[in-house]
Structures are given as C-alpha cells and as structure tokens.
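Hello,

Here is the structure we talked about passing on. My notes on it follow below.

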Amino acid sequence: MKIGGYSKGQLWSLVVLRLFIGWHFLYEGIVKLWNDNWSASGYLVDSKGLFAKMFESMAANASLMKVVDMMNVWGLILIGLALIVGFLVKPAIWGGVVLLVFYYLSHPPMIGYTFAMPSEGSYLIINKNLIEAAALVVLALFPTSNVVGLDQFLKRK
Amino acid sequence: MKEDNNELNRRDVLKGLATVPVLGAFWGVAQTKKNKDSAVKEQIFKELNIEAAKPPVSGSMEGNPLRIGIIGFGIRGEQLLRAAGFATKEWKEEMKKNNLENPKDLRLKEFLEQEKLNIKLNGVCDVFDVRAESAIEAGSVDGNKPKRYLHFEEMMASPDIDAVIIATPDHWHAPMAMAAAKAGKHVYVEKCMTHKVGETYDLKKTIEDTKIVFQLGHQHRQTQSFLTAQDIIKKNVLGHVSLIQVATNRNDDNGAWQYEIHEKASPKTIDWQQFLGNAPKREFDAQRFFRWRKWWDYGTGLSGDLLTHDYDRINTILKMGIPDSVMASGGVYTHIDGREVPDVFQVVMEFPNYTSGTSQEKGKEKGMTFLYTSTLGNQYDRGTLVMGHDATLELGAQLTVMADPRSTRYKEMIESGLIKTDVPMYSYNPSAKGVDAVSGATAKYFANKGMMYTYRDGKRVDSTFLHIKEWLSCIRHGGTPSCNIQQGFEEAMSAHMATASLRLGKKITWDHEKQRMANVSEAELRSVGMA
C-alpha cells in the first residue's frame, strides 16, 4: 500500500530521519539557550578558509554578535520543533541548510586547516555538518510532513 | 461514503499528530539532563562557596581637574599616559591602520571609549627631546598645553602640578618619588619600586611621613580574577598551599629589552648627565640609555622587572609578605650582547611559617615555597600555579581550580564521582562573551597573566587605566590605593633579596623583627651597587 506515493518503509524511514535531525537541532538550540555564557564568538574567531575574515569581523562586533547569537539559538530551536512536529517543514529545512552551510564554511575540514576546537572524529572535506545539510536536502525533495505532520492540516485548508 | 471519509480523516489526523509525542519525550530527557548537570554544579559550588568578588568601588572623578606631570615618556610612560587618557597622534594612526588590517584589534576604539578621568597633563619631563615633544603633543588637549620641565626638580617646585607619574629607569624611581612626596605631590611610580636597599627604607618613611597618596604600578591588582582568587584562598578551597610556581617566558628581542635605538639619539638630544643621576659616571652611550634594563647601574634585571609582577600577583592573593629566605641563580645564556643582567634566572623564596589554612589534622598547615623561573629564550607559557593539598589554582586573566586526586576535603565527592579530577571543578572567565585581540608575543605574555586587561561587567578594560583611576580616586576622596607603600616595600625588598642572592652568591635571610636582611652587610651591598 502506498501512502502519499511512498511505500510504508520509505515513508517511515524518511520520517525517522526528519525526527533525528529535528531532535539534534532542537537540543543544540536549547543547550545554548540554557547556558547564559554561550556565544558563537569563540567558534567564529576560530574560523578558517575563504570566509574566515567575514566570520571574524562578525565576532568582533559585540552588538552584531548579540543578534547573531539570538538568531542562531532561536533558529536552531524553531527548525528543530518544525522538523519534529512536521509544521512548515519546507522553510525550516532550507533555514537549516543555510545554518549548516554557515557552520561548514566557518570550519571547512580542508587540507592544512587546524582548528582550536577539537572534533570528535576525523574529517576530510566532508564533515557531519555537510552530511546533515545533504540529508535535509533529501528531506526537502521527499516531503513527509503533508502525511505525517501538522503540514497536512495546512494543505487541507 | 461519508462514514469512510470520517474514518479516513481520523486516521489522517492521528498520522498528522503522530510525531508530536516525540516533543514530550525530548523535553523529558533534556530536562533530566539539565537537572543532573546543574545538581552536580550546584553541589560543587555550594561546597566551594566561591564568590566572584565585586571590583573595588572608586569615587567620582568630578570636581576640579587634577593636574598631572609625567616623568619619563618611554615605552611604559607612553602606556601609562594613554591609560590616563592621552595618546600620541602616531599611536592613534597606527591603531587605526591595525584595525583596518585586523578588525579584531579594537584598541583605538577602546581608548576613545575609555572613561575620562578629569585630569590635565600640565607637565612633561623627559631627558630625551624627541620623547618630551611627543608627550607634549599627546597631552595637548582642549587648549591645555603641558609645559616641559628640563629637570625633574623644576617640576617638583612647580605649583601647577598636583601629582606625578614616574616611569623612568629604576635607579631614578626612589629619588624622584621622595622629592615629589616632600613637595606634597602624589606619586604613581613604576616597578621595581626602588633600585637599592637603603632607599627602600627612606622612601617608605618619606611616604608615611608626608601622607601623600602613593601607588606602585602593579596594575594586575585591578584584575577581576585575582579578586576572585582572594576569595578562593579565604574559603580555603585549596587546602594547605605548599608550592607556588610562577614563570617568565619570552623569546624575542623586545621581551629581552633589546629595544630600538632612536635615530635622533645623541648627546645633543639627550641630557646624559641627568639620565645617569646616582649611577657611575661614564661617556654617552645610546645603548645604555635605550636598553638600560640590561645593566645593573640603572635596572634591577629580571628580578625587579618581572619577578616583582609575579611576586606581587601572589602577594595580592596570599598576603605572604617578605620571605624568610631567598636563593637565586642564573646567567646570560640567550642574549650574549654585553648585558650584565641574567636572561635565565631562577629564584626560590621560602616561607616556612606561612599558612593559608588546611583540611588535614593540625600540624600539617605550615610552610610554602615560591618558585620563580624565567628564560628569555623560550616563550612556552608555563602558567601560574598555586598548589594546595586539596586543589590547584591556575591563575591568569581566567582562573581554574582542579581538585587534587589525594585531597582530604574532597575525598568523598571525588569517590562518589561528583568531582572529577581531570576537569576543573571551578573555572572563572570574566570575558566569557568577549573576543580579544592581543597582538605581539610580549603583549600575549602579559595578557595571559592578567596584566593587560581585565573585565568589568563582561567588558574588556585596560587594567592600567583602572589602577591609575584608583590612585586618582584616593587623591580626590581619600583612602589608600591597593598597591600602597607597604606592598611596595614587600615587593622591592623581596626582589632585592633575590638580586643580592644572585650577585653575592649566597642564600639571603630576612629578619622579620628588625625588618632587614639578616646576613648581608652594608659593605657587601655596596660592593654590588645595592646599598
């Protein structure tokens, strides 16, 4: 039996992927929200690559950093919530891709770059940020929230 | 058909809401984790009870402007005047350029935003014409042009000066500070407070007799993390402290005092006789003028120049005073360029009766060694460690406390896994939200030690600015600055004991009752120009 054009297995594996990524985004956001001392400035200062200068100047601007920090925290939380409950998933996915690409560009695992912040694995060119971004693109092209998710109620209106 | 639709709708609705419970699960797990983390943190915090101390309150800077004179506008003099609110055009242009190249370098912006101290620079005294003119240019603000005094005594006699900042070579510190005090002028003087042993007593007496406001230039007294460290000692978080490790690590010419010799330097532009002062007479020598720290006649070597910073940092926290004995050794090993003062230098100070408290049974609370080691041939940062039976404090602009695996006080908390001995049980970073740009190896060296910047309400502030402000506040409203003459006496005497040990080749002991070196004669001190 096909549901929304997917087999049962296809549908639920896509939903599980959506939930996992949503959970990850939500927790990344909540942890930062709960930590009064958190700021992205340390991460940005540690930037390497083509856009390092841009990220560093962002970090040097205290008032801009306040906005960046707030957008990052709430971006992560809202994207996470959206992916989990399946509400406004399309814009959430593309927002998530933008954030992940930013993280990737700030810390690209290219030959010759070393970062102050240690990573838990070994990466060359491809890292988990990029993989998560690619997974989000897959979810955008294979939508599930109009079946499993609140988006289906939007569709019916 | 209608029923079918309803059936379908119900199923669709259920499917639509199928993932919502995941949110509930998420919230439950996240809360559990948060509660567990914060319970551990709170339990440790409750046990340690460390309070990040509030900075000292300084009074208002309103009223008639205080009239300041500066003596000595070399590298440090320029920094001091800038902290007081006066920068040269050259510096401002350089900082502007630096900021364009590196947007993280905000020194110009910070200088311009620095609180105004309501002072007028009325007098400048420097024996080198170029520097005197440069100071006049920096101090010419709002239509007020500082007067140049060719001899410091003319400045002392002037009714236009309320207070002086002294940033000359060490051999001039005490004579000038005493002359200023006797003329009723308040004094801010750079370290090492004195150059010789005898004048240390004379200066102390003069300051006590004249009751002027005296501040010694150990600006780290203003460092926020050091105030917090005082509380750590007070609360006996570390247990019996038995060893202090401090170090100087530099590896560049600037750090080794091999400063640039100005192209305009000549007997015509430099009042050489006045520079020499009480030092032995000799022919003009630009090397000795610009790189005076390399010779005993004018400087105090690593002992007075950098050991004093570390000694006073620890004395701020532990208040251990002058050591019972000092041994020193060293040599010229990294900069063989005709210098007299060693560039590799080690000092061991003993405090057999010192106690900061204990968690162990009585009889195990006394005795401490202060170990200073330095090289000007390697800049690996060895940090500052205050090592106690229960924990180790690492001290800089930030501070961390690590529990000792064999601690008595934390034994149960370590066994229960509450305290882990491989991660800090307490860390304090007043700049948690700030971003710093500290340029140059020497600047980094000082910044790591909390000597350049500190933080007020999360904002980076030049600690020298705060140190000068405290001095000015005491002049206006009364009170004693944090690095007063007693602290200065302890600083200078401890440094002189280290220098005497090196130069006389013996262990120097201190007689606490008579307040003098117990085993050194006047003749011995005279033989090395330290009497």
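**Helix packing, sheet and chain contact**

Helix 8 of chain B crosses helix 9 of chain B in a left-handed sense. Please keep in mind that this is a predicted model.

The two helices, residues 170-182 and residues 197-210 of chain B, pack with their axes 9 Å apart and at an angle of about 20°. Because angles under 35 degrees count as roughly parallel, helix 8 of chain B is roughly parallel to helix 9 of chain B. On the helix 8 side the contact includes B:Ala174, B:Ala177 and B:Met178, and among the helix 9 residues they meet are B:Leu203 and B:Ile207. By class, the residues of this contact are six nonpolar, two polar and three charged.

Chain B also has an open sheet of six strands, in the order 3-2-1-4-5-6, with parallel pairing. Strand 3 (147-148) and strand 6 (214-216) of chain B are at the edges with a single partner strand each, so one side of each has no neighbour in the sheet. Strand 1 (residues 66-71) and strand 2 (residues 119-125) of chain B run parallel and are joined by six bridges. B:Gly69 has B:Gly123 in strand 2 of chain B as its bridge partner. Helix 8 of chain B packs on this sheet, where it touches strands 1, 4 and 5 of chain B, and its direction makes about 165° with that of strand 5.

Between the chains, the contact takes 24 residues from chain A and 17 residues from chain B. Helix 2 of chain B gives the most to the chain B side, with six residues. That side divides into ten nonpolar, two polar and five charged residues.

Regards

How values were computed:
Residues numbered from 1 in each chain as written. Chains lettered and ligands numbered in written order. Predicted model: local features only at pLDDT ≥ 70, side-chain atom pairs only at ≥ 80, totals over all residues. Contact = placed C-beta atoms within 7 Å. Helix = DSSP H or I, 4+ residues; strand = E, 2+ residues; numbered from the N terminus. Nonpolar A, V, L, I, M, F, W, Y, C, P; charged D, E, K, R; others polar. Axes fitted to C-alpha atoms, helices over the stretch in contact; angles between N-to-C directions. Parallel < 35°, antiparallel > 145°, perpendicular 65-115°, else oblique. Left-handed = near helix turned anticlockwise from the far one by under 90°. Pairing = 2+ DSSP bridges.
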